[in-house]
Amino acid sequence: MKTLFRTAVTAAALAMATTACTSAATGQAPVPKVTLDAVRLVAYDSCDDMLSGLREHAAENVGPWGFGGPQIMYMEDTAATARAKTTSNTPDHSTTNVHEAGVDEPDLVKTDGNRIVTVVDGTLRIIDTATRKVTASVKLTKKDEPTFTPADLLLSGDRALVLFRGGDIMVKSFAPPGETRYVVVDLAGQPKVLSTIRAQGSYVDARMIGSTVRLVTRSQPDITFPEPKSPDATEADRKKANQDVVRRAPLSAWLPTVEITGGSGAVRKDTVKCERVSHPADYTGTSLLTVHTIDLAQDVAATGTEPISLAADGDTVYGSGKSLYVASNPRWWFPVVTEPMPVEPVPTATDGAAPAVEPTPSDPAVTSSAPATPATPATSEPVPDPTPTAPPEETEVHRFDISAAGAPSYVASGKVPGRLLNQYSLSEYEDHLRVATTLTSADGKNSASSVYVLDAATMAKVGEVGGLGKGERIYSVRFIGPVGYVVTFKQVDPLYTLDLRDPAAPKVTGELKITGYSAYLHPGADGRLIGIGQEASDKGRTLGTQVSLFDVSDPAAPRRLSQLFQKESGSEAEWDPHAFLYWPKTGLSVLPLMTPKESGALVLKIDDSAVTKLGMIKHPTHQDKDYAYQPGIQRSIIIGDALWTLSWDGLQVNDATTLARQAWIPLR
């Protein structure tokens with residue numbers, strides 16, 4: 001699904017990325033100062049108290065067009081190697097590239113070494129890795145659903161959880177019941193559906209530890225706003241009418257419902273109970289986050305999902321072994337697009353291309369939670385609607401304790417200035433949460449980045465280090481134990497190394513300036529760091545994919561040992577770490593690669609001293625009646641001595657050493 005969103009975000013991505021090469025302008029607005037506080041979580045006293053609070057807060061934040069603004073696509077960005085338990089008869093194999101070892105993340109494909117499970121066009125298929133054949137399948141979508149129905153997977157033993165997304169979290173739309181659903185499938189023998197869970201709202205993300213899955217959804221109140229009585233109605237009139245509707249809405253408009261259908265067809269319906277809903281002291285009332293708990297080893301139709309809700313927003317999920325964090329920037333509905341811009345060839349004197357035009361930063365986003373419009377005074381002259389003002393950027397982070405079985409419990413919430421890049425901006429270590437953000441001025445021309453350290457028990461600030469990449473923004477973050485790495489970019493790429501051993505006094509220990517940037521950082525061999533991103537000119541113009549090997553053994557003097565540059569290319573691994581494979585045993589590394597002429601998977605060897613290109617794997621050309629195309633490779637897996645690659649068309653098996661093609665398994 002992420003690949004299909006690429007076209008939808010191209011214009012926004014271009015606007016975002018091309019500002020990287022804009023020189024600093026004079027008269028810039030200063031980076032605003034934002035207070036950093038713990039955010040108090042409060043339980044409602046009663047259902048009446050809950051309804052009253054939700055009505056009033058939602059009424060304050062509703063606008064003339066309802067909740068939120070125009071629909072904008074967002075690429076979620078979102079991953080280090082997690083190893084599955086193996087048995088003596090299971091070949092050595094890679095698993096999904098995840099953020100924290102032992103905390104699995106949903107992805108397009110899963111394997112336990114003996115079988116590969118994936119869902120294409122709504123059909124789950126099981127591929128036997130020994131015979132390299134599809135051995136079983138089950139259709140999970142109905143005839144009236146779209147042919148292309150994107151789905152992610154989690155796998156635990158003989159159970160798979162298939163996650164069909166309902167809408168998109170950053171579109172801020174309310175997904176009616178049935179659009180978002182989670183299907184539990186028994187893989188033993190002929191696969192069969194054990195239960196189907198329809199959760200009200202939009203799917204945000206999920207994490208799994210052992211057989212226990214925590215699913216996060218976001219819902220908006222199920223309120224139908226009236227059409228204006230007059231075509232001449234002002235925005236103030238529309239807003240007042242919407243506020244009246246909100247203040248009359250029943251509690252059921254907010255409380256999310258869950259419908260679970262068992263394999264026998266029996267239906268169980270649950271609604272989140274009032275006593276299981278909490279709220280920060282300051283909240284909008286326009287959205288609820290709900291965390292569902294599913295144990296794949298149990299009968300979900302019998303146990304339910306034990307939902308708990310929080311009157312807050314959320315778009316970024318990070319999980320450690322004992323905590324689940326959901327972060328949001330609730331004061332802004334306009335998302336930051338994190339997918340790098342499509343790579344363009346560099347104009348030359350001979351290609352007839354026009355010279356590059358220096359871009360101007362896009363206008364700052366307008367928030368949906370702007371101050372309420374004042375009443376129109378009694379006058380014969382029409383009063384124009386006020387221009388909304390953008391409040392300071394700030395990110396709220398909510399922590400849930402998941403160390404015990406069953407539903408998680410709320411612990412605390414915190415607030416930091418600035419905006420997260422993605423889940424890698426968060427990291428829990430020794431009872432502290434590290435948070436990396438970029439804070440941008442109101443005119444979008446000035447910015448600064450910082451790393452904050454919060455006490456995980458209270459979410460209060462313990463320490464901070466700022467001044468990273470002034471005038472730039474964060475492009476990638478990686479925390480590895482007590483060390484942090486932050487890449488900022490505008491014209492050159494400073495890679496900062498951070499010493500986080502003392503939570504109260506984090507500090508920058510080293511800095512490396514090179515052209516281009518790393519959009520994803522991955523741990524390599526001891527003292528090594530791998531960067532996947534874009535090379536760029538000294539003016540900040542991107543030139544093509546680069547893979548860098550950094551020596552970070554001396555935190556005070558990071559240096560680049562090796563660089564592989566692929567001209568006029570881009571890789572999905574830049575914005576989706578699940579697409580990157582690094583096999584430490586041999587240094588084999590694989591990432592999708594697209595150029596104007598070809599599409600496939602770039603195969604590399606990354607050791608402790610160099611990045612070396614081994615070859616390019618391509619899938620068979622798809623020949624249709626009227627057109628032909630080369631399928632884009634999305635994932636790579638090592639199983640034994642074979643390299644498996646996945647595209648929407650099928651799976652291909654190549655020898656991991658010689659890269660010779662061994663088998664093709666069509667999936668469409």
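User: Strands are DSSP runs of E, at least two residues long, numbered from the N terminus. In this predicted model, where is lysine 322 found?

Analyst: Strand E18 covers 316–319 and strand E19 covers 323–328. Lysine 322 is partly exposed, at 35% relative accessibility. Its place is the loop between E18 and E19.

User: Leaving aside neighbours within four places in sequence, which residues is lysine 322 in contact with?

Analyst: Take phenylalanine 400 to begin with. Lysine 322 and phenylalanine 400 are 78 residues apart in sequence, yet their C-alpha atoms are 8.7 Å apart. Phenylalanine 400 is one of the contacts of lysine 322. The full list is Phe400, Asp401, Ile402, Ser403, Glu428 and Asp431.

User: How many disulfides does a search of the whole structure find?

Analyst: Cysteine 47 and cysteine 274 form a disulfide. Their sulfur atoms are 2.0 Å apart, and the cut-off is 2.5 Å. Over the whole structure, the number of disulfides found is one.

User: What is the handedness of the disulfide between cysteine 47 and cysteine 274?

Analyst: The torsion about the S-S bond decides this. For cysteine 47 and cysteine 274 that torsion is about 110°, so the disulfide is right-handed.

User: Is cysteine 274 buried or exposed?

Analyst: Its disulfide partner, cysteine 47, is partly exposed at 35% relative accessible area. Cysteine 274 has a relative accessible area of 9%. The cut-off for burial is under 20%, so cysteine 274 counts as buried.

User: What is the strand order in the open sheet of four strands?

Analyst: The pairing in this sheet is antiparallel. Strand E40 (635–639) and strand E43 (661–666) each have a single partner strand, so one side of each is left without a neighbour in the sheet. Neighbouring strands are turned by 20° against each other on average, direction ignored. From edge to edge the order is E40-E41-E42-E43.

User: Which residue in E43 is the bridge partner of asparagine 654?

Analyst: Strand E42 takes in residues 650–655. Five bridges join E42 to E43, and the two run antiparallel. In E43, the partner of asparagine 654 is arginine 661.

User: What phi does aspartate 121 have?

Analyst: Most residues other than glycine have a negative phi. Aspartate 121 has a positive one. This residue lies in the loop between strand E4 (115–120) and strand E5 (123–128), and it is buried at 17% relative accessible area. Its phi is near 55°.

User: What is the phi of glutamate 306?

Analyst: Glutamate 306 sits in the loop between helix H5 (300–303) and strand E17 (308–310). At 37% relative accessibility it counts as partly exposed. Its phi is positive, near 45°.

User: What share of the 668 residues is buried?

Analyst: The secondary structure comes to five helices and 43 strands. The accessible surface is about 27100 Å², with 52% of it belonging to carbon and sulfur atoms. Of the 668 residues, the buried share is 55%.

User: What pLDDT does the protein average?

Analyst: Some stretches score below 50, among them residues 168–178, with 35 contacts beyond near neighbours in sequence. Residues 332–380 are also below 50, with 108 such contacts. Still, 79% of the residues score at least 70. The protein's average pLDDT is 82.

How values were computed: Residues numbered from 1 in each chain as written. Predicted model: local features only at pLDDT ≥ 70, side-chain atom pairs only at ≥ 80, totals over all residues. Heavy atoms only, no water. Pairing = 2+ DSSP bridges. Axes fitted to C-alpha atoms, helices over the stretch in contact; angles between N-to-C directions. pLDDT = per-residue confidence, 0-100. Contact = heavy atoms within 4.5 Å. Buried < 20%, exposed > 50% of the residue type's maximum accessible area, 1.4 Å probe, protein only. Areas by Shrake-Rupley, 256 points an atom, 1.4 Å probe, with all protein chains shown as cover.
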